[in-house]
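Here's a walk through a two-chain complex, starting at the place where the chains meet. Have the viewer open as you read.

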Amino acid sequence: MAISVDPPDVSEHLRQKQGYTFTFLSDPNTEVIRRYDLLHKAGGPKEHDISRPAEFLVDRSGTVRWENFTEDIRIRPRAEQMLAAARAI
Amino acid sequence: MGPSFSEIASFSGRSENVLLKCVCTRATLLHFMPGPNQKRTNSALWIGLLITVLGPLSNFLYYSKIPAAVLPWLNLAIPAIGLLLVLIGVVRASRQPQLYRGKILGSIFTVLAALLFAGSVWLFIHVRDVPRSAGAPQIGQRVPDFTLPDSTNQPASLAQLFSAAPGMAQPKALLLVFYRGYW
């Protein structure tokens, strides 16, 4: 599941263009992004507030089992890395 | 065979040789100084600029299998090496203008290489300017539940996403990917 400040129609466009089948959630007011302390103030175009990149693998009880916070927005976890973490649950 | 060292020494030892020596030196210089067409290409300038241009292009290596941790430093080191080579070329051209071309080209390349290097430094700082997020949920902690609209404008909560889709087993885990957006 992916979350960003993008409005639903933008996310839907991205989802269809890329052929993604997972859920996209929209948080344009950075409400949830703030609650998770992921706000990147003025990090977007035209000084818009956005989310910093972060990944959480959460089990059924809502507990974080694996997470990743990049220090460089060019570096993101690889699919194999996330799948390995998911298989370990 | 040219004159030996002792011959030159004895020749220059004569009192009337001052003028001769001057003429001789000038003749030698004229003879050995390469003409405008014999100047060497200042390869350091060209290789330097090429390497500097590879700096921004090395950002595409993030799609490769190279360990990501070394890439930011590689993105910075490549244009730095390129700029250094260009500067070596400039020093060559200014110290040995009779041997190396590129006095004018060198200054143009220096500006280009310096701009590309400055851009790489700016990018390096900009992409690493990420908040620390010390208050984010840690491993072993529970994440707060929430409800947000999905891409079809339907409200979706974490609890809902954990419930089984029709004909599917209940998911064991959920991966929450927060991303920057503006794609």
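## Ground rules and a salt bridge

A salt bridge here is a side-chain nitrogen of Lys or Arg within 4 Å of a carboxyl oxygen of Asp or Glu. B:Arg128 and A:Asp72 fit that bill: their side chains meet in a salt bridge at 3.3 Å, N to O. Keep in mind that this is a predicted model.

Between chain B and chain A the count is two salt bridges. Polar contacts come to 37 residue pairs between chain B and chain A, with both residues at pLDDT 80 or more.

## How much the chains share

The size of an interface is often given as the accessible area lost when the parts come together. For chain B and chain A, the buried area is about 5,400 Å², and carbon and sulfur atoms give 59% of that. Three residues of chain B stand out: B:Phe178, B:Tyr179 and B:Arg180 supply 18% of the area that chain B buries against chain A, more than any other three residues.

In residue terms, chain B puts 54 residues into the contact and chain A puts in 57.

## What chain B brings

Which elements of chain B each supply at least two residues of the side that touches chain A? They are helix 4 (71–95), helix 5 (103–127), strand 1 (147–149), helix 6 (158–162) and strand 3 (173–178). Strand 3 of chain B gives the largest share of that side, with six residues. Sorted by class, the side of chain B that touches chain A has 32 nonpolar, 13 polar and nine charged residues.

## A sheet across the interface

Strand 3 of chain B also pairs with a strand of the other chain. It runs antiparallel to strand 5 (residues 54–59) of chain A, and six bridges join the two. To find the register in the viewer, start with A:Ala54, whose bridge partner in strand 3 of chain B is B:Phe178. That B:Phe178 is also one of the trio that supplies 18% of the area chain B buries against chain A. Next, look at A:Phe56, which stands opposite B:Leu176.

Strand 5 of chain A has a partner within chain A as well: strand 6 (residues 64–69) of chain A, again antiparallel, with five bridges. In that pairing A:Val58 stands opposite A:Val64. The hairpin of strand 5 and strand 6 of chain A has four residues between the strands, and A:Gly62 takes a positive phi near 85° there.

Is strand 5 of chain A buried or exposed? Six of its six residues are buried. Both faces are covered, with A:Ala54, A:Phe56 and A:Val58 on one side and A:Glu55, A:Leu57 and A:Asp59 on the other.

## Two buried residues of chain B

B:Leu174 sits in strand 3 of chain B. With a relative accessible area of 10%, B:Leu174 falls under the 20% cut-off, so it counts as buried. Setting aside residues up to four places away in sequence, B:Leu174 touches A:Met1, A:Phe56, A:Leu57 and A:Val58 from chain A, plus B:Leu158, B:Leu161 and B:Phe162 from chain B. For a sense of span, the C-alpha atoms of B:Leu174 and B:Gly89 are separated by 56 Å, and the two residues are 85 apart along the chain.

B:Asn75 belongs to helix 4 of chain B. Its relative accessibility is 5%, so B:Asn75 counts as buried too. The side chain of B:Asn75 makes a polar contact with the side chain of B:Ser58 at 2.7 Å. Beyond its neighbours within four places in sequence, B:Asn75 is in contact with A:Arg74 from chain A, and with B:Gly55, B:Ser58, B:Asn59, B:Tyr62 and B:Ser120 from chain B.

## Chain A as a whole

Chain A has three helices and six strands. From the N terminus on, the order is β-α-β-α-β-β-β-β-α. The C-alpha atoms fill a box of roughly 40 × 30 × 25 Å along the principal axes. Of the 89 residues in chain A, 52% are buried.

As a counterpoint, try A:Glu47, in the loop between strand 3 (39–40) and strand 4 (50–51) of chain A. A:Glu47 counts as exposed because its relative accessibility is 63%. A:Glu47 and A:Thr70 are 23 residues apart in sequence, and 21 Å apart in space, C-alpha to C-alpha.

Methods. Residues numbered from 1 in each chain as written. Chains lettered and ligands numbered in written order. Predicted model: local features only at pLDDT ≥ 70, side-chain atom pairs only at ≥ 80, totals over all residues. Heavy atoms only, no water. Contact = heavy atoms within 4.5 Å. Buried area = accessible area lost by both parts, 1.4 Å probe. Polar contact = N/O pair within 3.5 Å; in protein donor to acceptor, adjacent residues only side chain to side chain. Nonpolar A, V, L, I, M, F, W, Y, C, P; charged D, E, K, R; others polar. Pairing = 2+ DSSP bridges. Buried < 20%, exposed > 50% of the residue type's maximum accessible area, 1.4 Å probe, protein only.
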